Amino acid sequence: MIANALRLLMVDDSDFIRERLLLLLADLGSIGEIQSAKSAEEGIALLNDGYRPDIILLDINLPGKNGLHMLKDIRKMEGFSPLVVILTNNTLSGYKSECLRCGADHFLDKARDFQQIPAIIEATWQKLYSQQLL
């Protein structure tokens, strides 16, 4: 791990996906802390308790409140603007445009785009570090 590492929150109801993400991200030195939640409600509770991730990996299809609603809640929080990556199997074109309109920074297909996540995280670290925001 490097100094000034990123904090990350992953929100996905699938144990398999969360474990797969942990394996994918294990070798990235730019991540200092990862919290996970199985639902939007758990994720929002972490944020309301003061956890401030730099990046949120967010599924859409969640039990209870869906990821799109969580995204809208995140974007209403004052003084908090994490990078939000939607990671979903629900890739209908209308969903992508809706997520981007609501403030998602990236919209990835779990089946095709999973390997893009490390590059997105590294680019985010580079950007925040160069702006001295870490």
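Asn90 sits in the loop that joins β4 to α4 (93-101), where helices (H or I, at least four residues) and strands (E, at least two) are DSSP runs numbered from the N terminus. With a relative accessibility of 15%, Asn90 counts as buried, a label given under 20% relative accessible area, while exposed means over 50% and partly exposed lies in between, with a 1.4 Å probe and protein chains only. Once neighbours within four places in sequence are set aside, Asn90 is in contact with Ile60, Asn61, Tyr95 and Phe107, contact meaning heavy atoms within 4.5 Å.

The model is predicted, so that local features need pLDDT of at least 70 and side-chain atom pairs count only at pLDDT 80 or more, whereas totals for chains, interfaces and linings use all residues. Residues are numbered from 1 along each chain as its sequence is written, and side-chain values use heavy atoms, with hydrogens and water left out.

The strand β4 that precedes this loop belongs to an open sheet of 5 strands with parallel pairing, in the order β2-β1-β3-β4-β5; two strands pair if DSSP finds at least two bridges between them. Because β2 (31-37) and β5 (106-109) stand at the edges with a single partner strand each, one side of each is left without a neighbour in the sheet. On average, and with direction ignored, neighbouring strands of this sheet are turned by 20° against each other. Within the sheet, β3 (residues 55-58) and β4 (residues 83-88) pair in the parallel sense over 4 bridges, and Ile55 stands opposite Leu83 in β4.

Helix α3 (residues 67-76) lies across β1 (6-11), β3 and β4, and runs at about 160° to β3; axes are lines fitted to C-alpha atoms, for helices over the stretch in contact, and angles run from 0 to 180 degrees between N-to-C directions. Elsewhere, α1 (residues 15-25) and α5 (residues 117-130) pack at about 60° with their axes 10 Å apart, and the contact is made by Leu21, Leu24 and Leu25 of α1 with Ile117, Pro118 and Ile121 of α5.

A search of the whole structure finds 0 disulfides, a disulfide being a pair of cysteine sulfur atoms within 2.5 Å. Two cysteines are set out below.

| Cysteine | Closest cysteine sulfur | Relative accessible area |
|---|---|---|
| Cys99 | Cys102, 6.9 Å | 0%, buried |
| Cys102 | Cys99, 6.9 Å | 13%, buried |

The sulfur of Cys99 is too far from that of Cys102 for a bond, because 6.9 Å separates them.
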